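Subject: Structure for your review

Dear colleague,

Please find below the structure that I promised to hand over, with the sequence alongside. My notes on what was found follow it, and I would be glad if you read them with the model open.

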Amino acid sequence: MEALKKELKENIIEVLNLEDLTIEDVNDDDALFGDGLGLDSIDALELIVMLDKDYGIKLTDPSEGREIFKSVEVLATYITENRTK
Amino acid sequence: MKNTVYIKAYCAITNTKMVCNDEVLCEENELDYKSFLKSIYKNYCEVSYPKFFKMDEASKLAFLTAEVLLKNTSMTENEKEDLAIILSNKSASLNTDRDYQNSIQDKNNFYPSPAIFVYTLPNIGIGEICIRHKSYGENAFYITEKFDANLLSTYAQTLLNTNKTNNVLCGWVEVEKGKCSSFFYLLSNTEGELYSEKNINEIYQSI
């Protein structure tokens, strides 16, 4: 799980072009949206693409994202339980 | 009766140089243009604006040119709010269109990028400037074969003469085939060097 969380932080920073951040700046339970990393709706779409591309998870209900993308901790747990690759 | 129009300030960026109001602010021959734009952001923009890194190259170029120009001229918040913006280029968003096409080219690796897709319009750069400076004035983006001062000034002078605004940011912003070039100038009906098509073309040619 720790390796997956580290991988997720690296991917999120790369995919979302968060050039001012390093993985050390992102805590496992930081909010990804709102006051946390300050991601926006386009970032949410990119994360949905990332889930499909890297972990074979297709989110059919966009409202699911609200809970899944709460933090790296929550996202890692969801991926562990649902990944197909 | 026509109001007198002035050139209040200008800024231009190429692959290797940034010039603002007759002063060369930086020259760099070692970096590619993407790295050069990033260095301008880090060294000449006194603002932390993480969204900069998410923009496509044309929007970054437009954002930086406007940022440096507006930093080097005096404008009140109300004037920024009323600022009109008229930009132009030759290749529209072709550079980014190509990136997007690459993301959907392979049917077995078909992952369209929403973040790239939102920049597949040339006028998105105007939107980024408006968001940054909270500008709500009229705006337009033209696609022309080359920089056309007459086209831009005709529209700008109409806005100034009808008191829609006191300031119009005009210019050219082109990114294509590994080259970038921008030339923005602020037309005003209050102060600056007297505007003429000849004057502005001379400045453009000198960069």
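Helices and strands here are DSSP runs numbered from the N terminus, where a helix is H or I over at least four residues and a strand is E over at least two. This is a predicted model, in which local features need pLDDT of at least 70 and side-chain atom pairs count only at pLDDT 80 or more, while totals for chains, interfaces and linings use all residues. Residues are numbered from 1 along each chain as its sequence is written, chains are lettered from A and ligands numbered from 1 in the order in which they are written, and side-chain values use heavy atoms, with hydrogens and water left out.

Chain A

UniProt, in an unreviewed entry, lists residues 1-83 of chain A as "domain: Carrier"; such positions are given in the numbering used here, with feature names shortened, and annotations may be inferred rather than shown by experiment. Across residues 1-83, chain A is 54% helix and 0% strand, and the C-alpha atoms at the two ends lie 13 Å apart.

The contact between the chains

Chain A and chain B each give 13 residues to the contact, which means heavy atoms within 4.5 Å. Between chain A and chain B about 1100 Å² is buried, 55% of it from carbon and sulfur atoms; buried area is the accessible area, taken with a 1.4 Å probe, that two parts lose on being put together, summed over both. On the chain A side, A:Glu19, A:Asp20 and A:Glu46 lose the most area to chain B, and together they make up 39% of what that side buries.

The largest pocket

On a 1 Å grid over the protein atoms alone, a pocket is an open set of points with protein on both sides within 12 Å along at least five of seven lines, a cavity is a set where a 1.4 Å probe fits but cannot get out, and lining residues have an atom within 4 Å of a point. Grid points are joined across faces, edges and corners, and a volume is the space filled by probe spheres set on the points. The largest pocket has a volume of about 860 Å³, and among its 34 lining residues A:Glu14, A:Val15, A:Asn17, B:Ser113 and B:Ile116 lie nearest its centre. By class, that lining has 13 nonpolar, 9 polar and 12 charged residues, where Ala, Val, Leu, Ile, Met, Phe, Trp, Tyr, Cys and Pro count as nonpolar, Asp, Glu, Lys and Arg as charged, and the others, Gly among them, as polar.

The cavities

There are 2 cavities of 30 Å³ or more, and the largest of them holds about 60 Å³. Its lining takes at least two residues from each of helix 2 (57-71), strand 4 (84-89) and helix 6 (124-133) of chain B, with helix 2 of chain B giving the largest share, 3 residues. The lining of the largest cavity has 8 nonpolar, 3 polar and no charged residues, whereas that of the second largest cavity divides into 6 nonpolar, 3 polar and 1 charged.

The strands of chain B

Strand 1 (residues 6-14) and strand 2 (residues 17-20) of chain B run antiparallel and are joined by 3 bridges, pairing being taken as at least two DSSP bridges between two strands. B:Cys11 has B:Cys20 in strand 2 as its bridge partner.

With best wishes
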